[in-house]
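This report looks at a pocket and at a pair of packed helices. The sequence and the model are shown here.

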Amino acid sequence: MRAAIEISELSVNFATRQGSHAALDRLSLTVMPGTICGFLGPNGAGKTTTLHVLLGFIAPTSGSATLLGADVRQSIARERIGYLPENPDLYGFLSARELLTFAGRLFGLDRATIRRRSRTLLEETGLAGDADRRIATYSRGMKQRLGLAQALINDPDLLILDEPTGGLDPLARLDVRRILADRRAVGKTVFFSSHELSEVESVCDRIAIIARGRLVAEGTMAGLVPPGQTLERFFIDSVTDRKGGET
Amino acid sequence: MIRVMAIARLVLLEMIRRRDVYALMIVLAALLLALLGLNVFGLGGTAGYVKEMGFLAAGLLGWSFAIQTGARQLPREEQTGTLFPLLAKPVSRWELVLGKWLGAWLASCMALAAFALVVLAAVACKGGRTDLITLLQAYALQITALAAVTALAICFSTRMHSDASSTLAYLVTGTAFLLTPRIPHLLTVATPGAREALLALYYLLPHAEWFDLRRRLVHDWGPAPWSVFALVVVYGALWTVAALLAAWAALRRKRFDRGAA
């Protein structure tokens, strides 16, 4: 079976005044289709850099990555994916409906499909009543939900989310969890980074933990976390080892 | 092409909703009203004077609008973070450049048309008339120039902040408009060293003066020869394509890494 995400020996170096900083250091990771994979790591571990390489924002220094079999350096790799950034900055001068139409056009969808999917997504995210209001007037939580809706407009096979529940109230978090579970139920893949360990525990089939640009743990929750230990303890231990006892 | 059109439409929508163009139209209308009301050097009453000053002001406002609109597209997308969901779609960097340019250019064309209509209304108030063919030629050359100006502004903005790129675009195009037509004269009085530099500038800078048919409009000289008109359009198109290719080359491998670590 073809992997949804295949990362192989991926390195990214950033130039700094002191020379070069390795944001990712020979990172390898495989995410199989139909799973929800939580991507964890402390601040500065390389989570966002990994997502940015996968989305083509950053070219890797070395190594390779594919999304649904396509090289991430080609725009075609992004045809069957949806992405929600950590802080979804959206065009404030558009309405939610216009934003979804714009997103749909970028995926080459026809107008009838865009209309149909927009209606469903606006209802699912609880924005149907505000669909024609300017996004500039939305609250942070509303923007987050709209960001999720625009990520789903093309009915993606792979959903990449960066802190998807940040800024959401508990009820909206439940909605997001439900949406993610629905995606898994129809065989779609979700890959998301988060600091919310309880969130990860409740929705993920697998977790991958990264520290200092390297993968330190990867597997199912049951396979990784020893009986009697919490994910939080396991996460801290994993990250602390990599940091040489800093934490 | 769907993606390019979608991005261009977004730029147009933003222009309409930002209302910059309305503010500029009010400035132009106020200027023309002043021209109509005042009798500067005893020329205030003539339609030719209103026409000359009006079209000059419309051209300058159109030029400024094109630079500002072109220069802010990419840096603002990056600064506000809207670029990230956009690039996460199957949009290539070339489609991004082309869409942004097309939108900024069409917005500038619409703004220039609106400015020209205000000027024509003012000229009509003074009982002046304007030859339609010359007017259309002048408009076509102006929007060809705006295509190149917008492309240059976008090109500069791939590596600079919007303020810096608009300043550079003003400098390059302003120098091209003011200096290049005078270079042949300056060559006759320049020292040998300066002559080389002037010649280099003459060939390097775009010839903005070739796109300006204002005098033909004001003095009713009639349209420019069609062969010359076509050559100038091709010249403008070449500048536009060159600037867009340079923009794409600069953007192709650019890292967008806000918040990454």
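The text below takes the pocket and its lining, then the helix pair.

This is a predicted model. Its largest pocket holds about 700 Å³ of space. The lining consists of 36 residues, and those closest to the pocket centre are B:Gly59, B:Gln142, B:Ala145, B:Phe211 and B:Asp212. Several helices of chain B each give at least two residues to this lining: H3 (47–80), H5 (93–125), H6 (132–157), H7 (162–178), H10 (214–218) and H11 (226–252). The largest share, 10 residues, is from H6(B).

Helix H5(B), one of those that line the pocket, also packs against helix H1 of chain B, which spans residues 2–18. The two axes come within 7 Å and cross at roughly 40 degrees. An angle of 35 degrees or more but below 65 counts as oblique, so H1(B) is oblique to H5(B). The crossing of H1(B) and H5(B) is right-handed.

On the H1(B) side, the contact is made by B:Arg3, B:Val4, B:Met5, B:Ile7, B:Ala8, B:Val11, B:Leu12 and B:Met15. Their partners in H5(B) include B:Glu95, B:Leu96, B:Lys100, B:Leu102, B:Leu106 and B:Met110.

The residue classes at the two sites are as follows.

| Site | Nonpolar | Polar | Charged |
|---|---|---|---|
| Lining of the largest pocket | 28 residues | 6 residues | 2 residues |
| Contact of H1(B) with H5(B) | 14 residues | 2 residues | 3 residues |

Among the charged residues of the helix contact are B:Arg3 in H1(B) and B:Glu95 and B:Lys100 in H5(B).

Key: Residues numbered from 1 in each chain as written. Chains lettered and ligands numbered in written order. Predicted model: local features only at pLDDT ≥ 70, side-chain atom pairs only at ≥ 80, totals over all residues. Heavy atoms only, no water. 1 Å grid on protein atoms, 1.4 Å probe; cavity = no way out; pocket = protein on both sides within 12 Å on 5 of 7 lines; lining within 4 Å. Points joined across faces, edges and corners; volume = space filled by probe spheres on them. Helix = DSSP H or I, 4+ residues; strand = E, 2+ residues; numbered from the N terminus. Axes fitted to C-alpha atoms, helices over the stretch in contact; angles between N-to-C directions. Parallel < 35°, antiparallel > 145°, perpendicular 65-115°, else oblique. Left-handed = near helix turned anticlockwise from the far one by under 90°. Contact = heavy atoms within 4.5 Å.
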